[in-house]
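Student: Please give me a slow, close look at how charged side chains pair up in this model. After that, I'd like to see the sheet as well.

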Amino acid sequence: MPNLQNVYILGIESSCDDTAASVICNGEILSNVVASQKIHEEYGGVVPELASRAHQQNIVPVVHQAIKKAGINKEDLNAVAFTRGPGLMGSLLVGTSFAKSLAYGLNIPLIDVNHMQGHILAHFIEEVGFKKPPFPFLAMTISGGHTQIVKVNHYFDMKVIGETIDDAVGEAFDKSGKILGLGYPAGPEIDKRAKLGNPKAFKFSKPKVDGLNFSFSGLKTAILYFVQRETKANPKFVEDNLNDICASIQYTIIGILIDKLKKATKETGIKHIAIGGGVSANSGIRQALKDGEQKFGWTTYIPKFEYTTDNAAMIAIVGYLKYLEGYSTEQNVMASARLKI
């Protein structure tokens with residue numbers, strides 16, 4: 001029997017193409033299981049219908065494994081937390097329906113979680129060697145679907161102060177990769193090749209966007225025209241210069257992100273910066289943020305690698321923090337594809 005002082009929360013994440021479940025106890029992760037869907041690679045992007053079908057196949061074994069790995073029984077759980085949104089509607093419905101059924105069957109609280117808050121609050125998972133940002137701090141969430149700068153005053157007092165008006169940063173990497181003939185997802189491959197290339201070999205202009213908002217669609221178009229122009233003169237241009245092209249694209253994207261962060265710190269006076277989201281796994285972005293500590297006097301917070309991409313540990317920590325505040329949601333709660341912070 002678990003200690004009565006222990007609070008066990010099951011977190012379920014199914015917003016896109018990964019089915020994930022995690023058990024947390026008093027802020028410490030006991031298990032974090034992810035089933036990835038490889039089928040989307042051959043289509044060059046996530047196919048929503050295929051994603052939701054795979055979630056239906058994966059969710060029972062993934063949750064079972066998470067509870068088993070945590071060394072507890074499902075009856076020991078104090079609450080079930082799940083991703084309500086944002087994300088793909090079909091995928092969210094699978095996780096939402098399962099979480100509602102499990103919480104109802106066990107007669108324990110159901111806690112809905114905003115996926116983007118999960119990326120931000122992943123920094124508060126109890127993890128040896130990782131610092132937690134003090135309030136207030138700036139969070140930059142960068143993923144395949146989102147690019148945001150959020151002012152975080154407290155766990156559940158957040159305000160988006162800048163966001164993309166078109167493509168997210170992850171889309172910029174993937175669409176650039178598609179132009180270059182790279183596989184999906186292209187971000188990791190561009191990151192790997194960027195380390196071998198010259199970041200100043202080719203210059204791409206940065207989009208001019210007011211305030212703290214971002215735009216990446218213009219950059220994607222500029223890269224497309226650049227590649228078309230150069231391959232017309234030399235059909236082997238991409239093949240001959242791939243590492244340099246990747247390094248130059250990554251350098252430009254990082255420059256856009258850092259410029260906006262510099263502006264945000266200046267406007268808010270906040271020098272504590274936390275990053276999250278799948279693209280925060282990019283080594284170039286991590287290094288640029290670390291370099292900013294010397295250049296701009298920032299203190300940066302980067303979560304453990306496994307908590308950057310979509311995972312259920314971040315959902316579990318939000319569930320735990322909400323549970324401590326006595327929060328729970330009704331059984332009639334609905335998934336929301338465009339849920340806002």
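**Charged pairs and a sheet**

Tutor: Let's begin with E189, which is partly exposed at a relative accessible area of 23%. Buried means under 20% relative accessible area, exposed means over 50%, and partly exposed lies in between (1.4 Å probe, protein chains only). This is a predicted model, so local features need pLDDT of at least 70 and side-chain atom pairs count only at pLDDT 80 or more, while totals for chains, interfaces and linings use all residues. Residues are numbered from 1 along each chain as its sequence is written, and side-chain values use heavy atoms, with hydrogens and water left out.

The partner of E189 is R193: their side chains form a salt bridge, 2.9 Å from N to O. A salt bridge is a side-chain nitrogen of Lys or Arg within 4 Å of a carboxyl oxygen of Asp or Glu. Side chains of opposite charge can pair when their charged atoms come close. R193 is also partly exposed, at 25% relative accessibility. Both residues sit in helix 5 (residues 187-194), and because they are 4 residues apart there, about one helical turn separates them. Helices (H or I, at least four residues) and strands (E, at least two) are DSSP runs, numbered from the N terminus.

Elsewhere, E127, K304 and E306 are joined into one network by salt bridges that share partners. Within it, K304 pairs with E127, their closest N and O atoms being 3.2 Å apart. K304 lies in the loop between strand 10 (299-301) and helix 9 (313-324), and E127 in the loop between helix 3 (115-121) and strand 6 (137-142), so this pair ties together parts 177 residues apart in sequence. Each is partly exposed: K304 has a relative accessible area of 27%, and E127 has 22%.

Another pair is D112 with R84, whose closest N and O atoms are 3.7 Å apart. D112 belongs to strand 5 (residues 110-114) and R84 to strand 4 (residues 79-85), so the salt bridge ties together parts 28 residues apart in sequence. Here D112 is buried, at 7% relative accessible area, whereas R84 is partly exposed at 24%. In total, the structure holds 12 salt bridges.

Now for the sheet. It is open, with 5 strands in the order 8-7-6-9-10 and mixed pairing; two strands pair if DSSP finds at least two bridges between them. Strand 8 (157-163) and strand 10 are at the edges with a single partner strand each, so one side of each has no neighbour in the sheet. Neighbouring strands are turned by 25° against each other on average, direction ignored. Strand 7 (residues 147-154) and strand 8 run antiparallel and are joined by 6 bridges. Helix 7 (residues 237-268) packs on the sheet, touching strand 6, strand 7, strand 8 and strand 9 (272-276), and its direction makes about 155° with that of strand 6. Contact means heavy atoms within 4.5 Å, while axes are lines fitted to C-alpha atoms, for helices over the stretch in contact, with angles running from 0 to 180 degrees between N-to-C directions.
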